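Could you walk me through how to read the features of a model like this? I'd like the general idea and then the case at hand.

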Amino acid sequence: MRLTIPLTGTILEYHPELLQYGGSSGISGDPNDPVRPVTIDLGNVSWKLVSIDLETETMEIEVTPSDNVSELDLDTEGKQKVDTEGKPLYKTRPATGVEKLGFLDNAKNLIEGHTKDELYQISKCPKLKKPLKGVQ
Amino acid sequence: MSPVAISGVDKQGVYVNGVQVKQALDPANETVNKGVYDPTTLSAVDGDLAVGNIEQGVTIFGKLGTVVPMDVSDANAAVGDVKDPKTFYSVAAPRKTGTMPTVAITAANDDYPAGYHAGNVGGLDAIDADLAPGNIKDGVTIFGKLGTYAQTITHDVQDSDVDSAATTLSRQLDYEVTSYIAAGADGVFLTLTINCAQATVLEAAYFVNACGDGAGANNLKLQMYIDGVAQGESANLTASGVFHLFYDTGYGSVASGNRIVYLNCHSYEASDNSRAFISGGLFAAACRLV
């Protein structure tokens with residue numbers, strides 16, 4: 001599933017002649033304020049960069065649900081298991097198909113259920129900064 | 001011959017030396033002693049017995065008052081509304097003393113106490129000098145101060161490597177632990193710096209056996225950046241003690257110069273008490289000429 005998310009961060013260099021190579025080509029961000037999607041927890045999914053559109057200041061990402069679910073390990077009486085230090089024990093199991101669909105729906109609703117401006121507000125992230133001359 | 005008081009003889013109309021002894025009213029008090037008085041009027045005895053001194057509608061010894069009382073029935077102050085120790089009168093006596101405390105905002109905390117504030121013409125930033133645009137996140141406004149502080153990645157770098165000559169750079173990850181990561185912050189596992197002699201496609205990849213730890217172990221995610229641009233983010237790290245394989249790849253063409261790739265853990269947890277473990281893996285970057 002692909003989603004389009006507004007960008008935050010600071011662009012330090014822009015080389016349009018390199019855009020043709022895809023990915024994040026042609027764009028160099030500030031390592032201390034990298035170019036990235038606004039900080040919103042999409043839940044138990046992973047994502048990968050597909051493309052960056054500087055005109056709309058958005059990033060298209062490919063979202064994939066997690067294959068696993070980590071949950072508290074309970075005994076037969078429903079009580080939480082703990083280790084020797086008293087920390088709760090967890091177990092990881094494969095996510096079911098229904099759960100995976102739920103992960104994707106959650107991420108989709110988080111992004112597509114809001115306008116671009118709302119996503120900036122929710123994340124409290126500033127808009128993308130392009131301080132260099134020549135960066136459109 | 002004037003009447004003469006004789007010790008042991010009262011004034012109850014007795015005659016002394018042939019003269020009747022009489023009483024007189026005293027304006028200093030309201031006592032009317034038993035005895036004989038000359039005729040008079042009360043207003044002649046006490047000039048304050050006048051219509052101008054008596055409330056309208058009230059008659060005292062035939063004097064109908066003309067003073068109109070001030071209507072204060074719409075007053076509504078209570079002692080808690082008046083600053084301590086100022087006094088005031090309200091509809092009912094007696095005089096009252098305000099109990100509203102004088103309070104102030106301090107830089108020590110964000111309390112906003114109820115009470116009277118003297119204010120500060122210098123504004124809130126005169127109370128706490130840290131209330132300044134440079135201390136507030138860029139784009140966020142707090143009490144009218146528009147922040148200019150740029151959000152940064154916390155370079156809690158556990159390790160780093162740089163090779164200005166190599167076109168590939170990789171580091172094996174054995175047992176790596178981030179420091180406890182603050183809520184919403186980042187901890188960098190490893191930074192690789194490659195010197196690109198000319199325009200190149202910079203590729204990077206990692207695969208690690210990782211898990212979270214602490215109160216927000218399930219709200220940690222791995223992120224990879226190439227030349228300051230996010231390439232992707234993992235799903236939630238598995239919880240403490242349950243290591244799981246995470247991996248990602250990314251690429252971008254870059255101009256010549258030193259270019260940085262790094263592997264980072266971001267905390268989406270609300271508390272500060274989380275960190276990430278890597279028990280083994282590899283992080284590599286390579287240049288490919290374009």
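What follows is a short dialogue about chain B, its interface with chain A, and some salt bridges.

Q: Before we start, what kind of model is this, and how are things numbered?
A: It's a predicted model, where local features need pLDDT of at least 70 and side-chain atom pairs count only at pLDDT 80 or more, while totals for chains, interfaces and linings use all residues. Residues are numbered from 1 along each chain as its sequence is written, chains are lettered from A and ligands numbered from 1 in the order in which they are written, and side-chain values use heavy atoms, with hydrogens and water left out.

Q: How many helices and strands does chain B have?
A: Helices (H or I, at least four residues) and strands (E, at least two) are DSSP runs, numbered from the N terminus. For chain B that comes to two helices and 20 strands.

Q: What share of chain B counts as buried?
A: Buried means under 20% relative accessible area, exposed over 50%, and partly exposed in between (1.4 Å probe, protein chains only). Of the 290 residues of chain B, 33% count as buried. Strand 14 of chain B (residues 186–196) is mostly covered, with 10 of its 11 residues buried.

Q: Which strand does strand 14 of chain B pair with, and in what sense?
A: Two strands pair if DSSP finds at least two bridges between them. Strand 14 of chain B pairs with strand 19 of chain B (residues 257–267) in the antiparallel sense, over 10 bridges. To find your place in that pairing, look for Leu192(B), which stands opposite Val261(B) of strand 19.

Q: What about contacts within chain B that join residues far along the sequence?
A: Contact means heavy atoms within 4.5 Å. Take the contacts in chain B between residues at least 6 apart in sequence: 57% of them join residues at least 24 apart. For a spatial distance, try Tyr262(B) and Ala205(B), which are 57 residues apart in sequence and 9.9 Å apart in space, C-alpha to C-alpha.

Q: Now the interface: how many residues of chain B are in contact with chain A?
A: 43 residues of chain B are in contact with 44 residues of chain A. Buried area is the accessible area (1.4 Å probe) that two parts lose on being put together, summed over both. Here the two chains bury about 3400 Å², 50% of it on carbon and sulfur atoms.

Q: How many residue pairs are in polar contact across it, and which strands of chain B take part in the interface?
A: A polar contact is a pair of N or O atoms within 3.5 Å; within protein, one must be able to donate a hydrogen and the other to accept it, and residues adjacent in sequence count only if both atoms are side-chain atoms. Between chain B and chain A the count is 22 residue pairs (both at pLDDT 80 or more). On the chain B side, strand 15 (200–214), strand 16 (220–226), strand 17 (229–233), strand 18 (244–254) and strand 19 each supply at least two residues. Strand 18 of chain B gives the largest share, eight residues.

Q: Where is Tyr262(B), and is this residue buried or exposed?
A: Tyr262(B) sits in strand 19 of chain B and counts as buried, at 1% relative accessibility. A polar atom of its side chain lies 3.3 Å from the backbone oxygen of Pro31(A).

Q: Which strands pair across the two chains?
A: Strand 5 of chain A (residues 45–53) and strand 17 of chain B pair in the antiparallel sense over two bridges. In that pairing, Lys48(A) stands opposite Gly232(B).

Q: How do I read salt bridges, and how many are there over all chains?
A: Side chains of opposite charge can pair when their charged atoms come close. The rule asks for a side-chain nitrogen of Lys or Arg within 4 Å of a carboxyl oxygen of Asp or Glu. The count comes to 19 over all chains, and three are found across the interface of chain B and chain A.

Q: Which residues form salt bridges with Arg259(B)?
A: Glu13(A) forms one with Arg259(B), the closest N and O atoms being 3.1 Å apart. Asp227(B) forms one with Arg259(B) too, at 3.3 Å between the closest N and O atoms. Asp227(B) lies in the loop between strand 16 and strand 17 of chain B and Arg259(B) in strand 19, so this pair ties together parts that are 32 residues apart in sequence. Asp227(B) is buried at 7% relative accessible area, and Arg259(B) is buried at 4%.
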